[in-house]
Amino acid sequence: MTMMDKCPSCGGPLSIYARRQSDGRLVCTSCGFVLEESPIDSGPEWRSFTEEDRTRRSRVGAPLTARVHDKGLTTYIYAPRSDIRARKLVAIQASLRSHGHKKLIKVLQEANRVAARLQLPSRVAETMARIIRQLQSLGVLKKNNINEYLAAAAVVAARIERHPLTMRDVAETLGLSEQDVWRAYRRIVTRLKVRVTTPPKPQMYVSKIASKLGLNGEVEALATRFTIMLARTGLAQGKPPEALAAAAVYVSSILLDQKRNQLTVAKAIGVTDATIRNRYRDIVDNFYIEVRL
C-alpha cells in the first residue's frame, strides 16, 4: 500500500481516485498514473473457492466467548476420510477438549438454550454465561435448582446490561415459579456480591409493550416522551418502571386514537389493571395535555 495521500501526477486524493487492478497494480483513475507496480501481497498464502474451505483454512476465529467451556479456544483438525491417523487425532482431540469439563459443558448448553428462548442480545447472554461460570465454580448449581438459577442469572445479566426483562416474563417463558426465581436472584446477588447500580428506566420497556400491542411508532415515541418527563419531574422515583411504561403507552394509545384497554396493556407487561390505573393518574394529574383536533 502506498503511503501517499495524493496522486503525484494530478494531485487527486487517492482515497477517491485510486483503484487496484487485477494484476495488483495501484492506478490513479483520474490520470492513469501507476502508483504501485509490484506491491507486496498481504493476503494469505492459501486459496479457497468455497466458504467451507475459507473457514477451514483460516487461522483466525471468533473472539473469546464465555458461552463455551473453553472460551472458543480450540483446534480443529482436518481429517479426510482416507486418512485414518488424522481421524484418530480428531477423536483424541475431541475427548481431551471435553475432559474434566462435562458438567460445565452441560450447564452452558442449558444457559444458551435459556438465552435463546428469552431472545437475549449477545451482550446479555455473555454476562449471563459469566455469572453461570462463577456459580458453577462455587458449587451452587445442583440438579434440583439449575433451572431457577439460570432464570435468575438471565434477570441479573439483563439488569447489569440495562436490558428490559422482567422476572415475571422470565418465569412465564420458562414455566417456573416467580417466587423460586426471585429466591435464586437474591442468592446470586448475595453470593456473588453483584451490584446493579443503575435501575432500569421506564422508557426501556416502551418498545416491548408497544410491539406486543401492535402499536405504531407514533404511540411509542409519545409514550417515551411521557416516561422521560416522569423521570425528570421525580414522579418515577420508587415506582415500578414497567408499570410507568405501560401507563404511558395506555395514555398515548388513547391520545393517538389507537386505544387499548387497561387489561390488555396490563397483560402485555405482566401487571394488574389496578396498577395501570394508579400510574395513569400520575400522568394525567401532573401534566397538562393539550389535544389538537
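Q: Is aspartate 180 buried, partly exposed or exposed?
A: In this predicted model, the relative accessible area of aspartate 180 is 29%. Buried would need a value under 20%, and exposed one over 50%. Aspartate 180 is therefore partly exposed.

Q: Which residue forms a salt bridge with aspartate 180?
A: Side chains of opposite charge can pair when their charged atoms come close. For aspartate 180, the closest N and O atoms of the pair are 2.8 Å apart. The partner, at 34% relative accessibility, counts as partly exposed. That partner is arginine 183.

Q: About how many helical turns separate arginine 183 and aspartate 180?
A: An α-helix has 3.6 residues a turn, so residues three or four places apart point the same way. Arginine 183 and aspartate 180 are three residues apart in helix 8 (residues 178-192). The separation is therefore about one helical turn.

Q: Which residue meets arginine 279 in a salt bridge with an N to O distance of 2.7 Å?
A: The partner lies with arginine 279 in helix 13 (residues 273-284), three residues apart, which is about one turn of the helix. Both side chains of the pair belong to buried residues. The residue is aspartate 282.

Q: Which lysine is linked with Arg279 and Asp282 in a network of salt bridges?
A: Arg279 and Asp282 themselves form a salt bridge at 2.7 Å, N to O. The network that holds these two residues also includes a lysine. That lysine is Lys239.

Q: What is the relative accessible area of aspartate 285, which meets arginine 281 in a salt bridge?
A: The side chains of arginine 281 and aspartate 285 meet at 2.7 Å, N to O. Arginine 281 is partly exposed, with a relative accessible area of 42%. Aspartate 285 is partly exposed as well, and its relative accessible area is 49%.

Q: Are helix 9 and helix 12 parallel, perpendicular or oblique to each other?
A: Helix 9 (residues 206-213) and helix 12 (residues 262-269) pack with their axes 9 Å apart, at an angle of about 120 degrees. Roughly perpendicular covers 65 to 115 degrees, and roughly antiparallel starts over 145. The two helices are therefore oblique.

Q: How many nonpolar residues are in the contact of helix 9 with helix 12?
A: The crossing of the two helices is right-handed. Helix 9 contributes Ile209, Lys212 and Leu213 to the contact, and helix 12 contributes Thr264, Val265, Ala268 and Ile269. By class, one of these residues is charged, one is polar, and the nonpolar ones number five.

Q: Which residue follows helix 7 with a positive phi?
A: Helix 7 (residues 167-174) has the buried residues Met167, Asp169, Val170, Ala171 and Leu174. Their cover includes helix 4, helix 6, helix 8, helix 9 and helix 12. After helix 7 comes a residue with phi near 70 degrees, and this is glycine 175.

Q: Which residue in the loop between helix 4 and helix 5 has a positive phi although it is not a glycine?
A: Most residues other than glycine have a negative phi. The residue in question has a phi of about 55 degrees and is exposed, with a relative accessible area of 68%. It is glutamine 119.

Q: What is the phi of aspartate 257?
A: Aspartate 257 is found in the loop between helix 11 (241-255) and helix 12. At 69% relative accessibility, aspartate 257 counts as exposed. Although aspartate 257 is not a glycine, its phi is positive, at about 60 degrees.

Conventions. Residues numbered from 1 in each chain as written. Predicted model: local features only at pLDDT ≥ 70, side-chain atom pairs only at ≥ 80, totals over all residues. Heavy atoms only, no water. Axes fitted to C-alpha atoms, helices over the stretch in contact; angles between N-to-C directions. Helix = DSSP H or I, 4+ residues; strand = E, 2+ residues; numbered from the N terminus. Parallel < 35°, antiparallel > 145°, perpendicular 65-115°, else oblique. Left-handed = near helix turned anticlockwise from the far one by under 90°. Contact = heavy atoms within 4.5 Å. Nonpolar A, V, L, I, M, F, W, Y, C, P; charged D, E, K, R; others polar. Salt bridge = Lys/Arg side-chain N within 4 Å of Asp/Glu carboxyl O. Buried < 20%, exposed > 50% of the residue type's maximum accessible area, 1.4 Å probe, protein only.
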